[in-house]
Amino acid sequence: MSIETAYNILYMGSLIIFAILIGVMLVRSVIGPRITDRILSVNMIGTMIICCIVILSRYLDEGYLVDVALIYAMISFVSVLIYASTYIPARPGRRPLDGRKKTRRKGDRRNDAYDPYEESEEPGPVYAGREAEEAPWAREAWRRQTGRMPAAAVSPEKESIRNDSSNEFGNDFTDGIKKGVKKDFKKDNRSGSAGFGSGFTKVPKGGRQ
Amino acid sequence: MTGTPMEWIRFVLTAVFMIVGLCSFICAVLGVFHFGYIMNRLHAAGIGDTMGLMSVLVALMISAGFGMDLFKLIAVAAFMWCTSPVSTHFMGQIEYFTNPDLSSYLKLRRRRGDTEET
């Protein structure tokens with residue numbers, strides 16, 4: 001047996017096994033119950049195809065196929081980024097579809113940033129600034145209608161609001177300003193990067209698949 | 001048998017690394033089918049992206065010898081090692097943002113805006 005025959009047998013065997021593995025991953029992309037299972041299987045198929053291309057480059061002794069494999073790796077990475085940009089909301093007040101709306105406290109203004117998962121209400125006119133003190137009836141009407149304070153009702157420069165110690169307008173923004181603490185609005189909003197939880201300990205409800 | 005002993009040693013090394021890579025990919029695929037949730041599957045798929053790909057590329061680097069192909073294969077390996085964890089992280093984020101039933105699978109940390117009704 002010559003060296004070339006041995007190499008050919010090795011490469012052909014590897015290619016056949018990779019082809020079988022790619023077919024098996026295609027099955028996962030069909031039956032995977034969630035979108036992320038399918039994205040994962042496509043990503044893995046891409047990785048295995050990169051291996052196939054570089055094996056072919058040695059089998060056929062063509063050096064340029066490695067460049068093809070490099071470009072394919074870049075394309076498969078960019079495809080996952082595009083999937084992610086489609087499904088991950090990019091707003092400052094973003095949060096998962098976990099039903100966390102139920103846990104809003106009354107007067108909690110942290111979630112007043114625009115949330116794509118909340119249905120939009122008709123806000124009506126907002127009485128802010130100087131008009132806010134002159135028209136408390138409008139603020140009360142807004143509060144009765146929507147169940148929360150108007151977003152632009154509080155401004156930190158206003159002396160009267162700063163000295164206002166009534167509890168019904170109590171929110172962290174003015175409290176923080178009264179105490180002289182700068183409140184980082186962005187940090188309180190839920191962003192996705194801190195949200196993976198403490199572990200993957202549970203088995204799904206149907207048992208193992 | 002034709003070929004010098006050096007060439008046969010090179011072939012044996014190539015074959016060893018190739019078989020290790022194939023076994024890693026088989027383990028990754030088996031893991032993806034064994035686990036029931038996407039987060040565990042991501043962990044299993046990482047085996048293929050790192051160990052499997054690296055072993056196969058090292059096998060081909062040994063087979064190619066010292067030349068232009070060697071550096072191109074090193075470039076492929078470096079690129080995939082840098083971008084594969086990013087892809088995995090994004091897939092985890094997609095799952096986090098699109099699954100309404102996340103609390104039944106994961107133990108989520110309590111956040112500042114939550115009350116005990118969660």
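A residue counts as buried when its relative accessible area is under 20%. In this predicted model, B:Val76 comes out at 0%, so it is buried. Its home is helix H3 of chain B, which covers residues 68-98. Setting aside neighbours within four places in sequence, B:Val76 touches A:Ile50, A:Val66 and A:Leu70 on chain A, plus B:Leu57 on chain B. That last partner sits 19 residues away from B:Val76 in sequence, with 8.5 Å between the two C-alpha atoms.

Now for the other side of that contact, helix H3 of chain A. This helix runs over residues 65-87, 23 residues in total, and at 1.5 Å a residue it should span 33 Å; the end C-alpha atoms are indeed 33 Å apart, so the expected and actual spans agree. Its buried residues are A:Leu65, A:Val66, A:Ala69, A:Leu70, A:Ala73, A:Ser76, A:Phe77, A:Val80 and A:Ala84. Two of the names there, A:Val66 and A:Leu70, are also contacts of B:Val76. As for what they pack against, the buried residues of H3(A) meet helix H2 (35-59) of chain A together with H3 of chain B.

What about the cysteines? Taking a disulfide as a pair of cysteine sulfur atoms within 2.5 Å, the count over all chains is zero. A:Cys51 is in no disulfide, and its nearest cysteine sulfur, belonging to A:Cys52, lies 7.0 Å off. With a relative accessible area of 0%, A:Cys51 is buried. B:Cys82, on the other hand, has a relative accessible area of 57% and is therefore exposed, the cut-off for exposed being over 50%.

How values were computed
Residues are numbered from 1 along each chain as its sequence is written. Chains are lettered from A and ligands numbered from 1 in the order in which they are written. This is a predicted model: local features need pLDDT of at least 70, side-chain atom pairs count only at pLDDT 80 or more; totals for chains, interfaces and linings use all residues. Side-chain values use heavy atoms; hydrogens and water are left out. Helices (H or I, at least four residues) and strands (E, at least two) are DSSP runs, numbered from the N terminus. Buried means under 20% relative accessible area, exposed over 50%, partly exposed in between (1.4 Å probe, protein chains only). Contact means heavy atoms within 4.5 Å. The expected span of a helix is 1.5 Å times one less than its number of residues.
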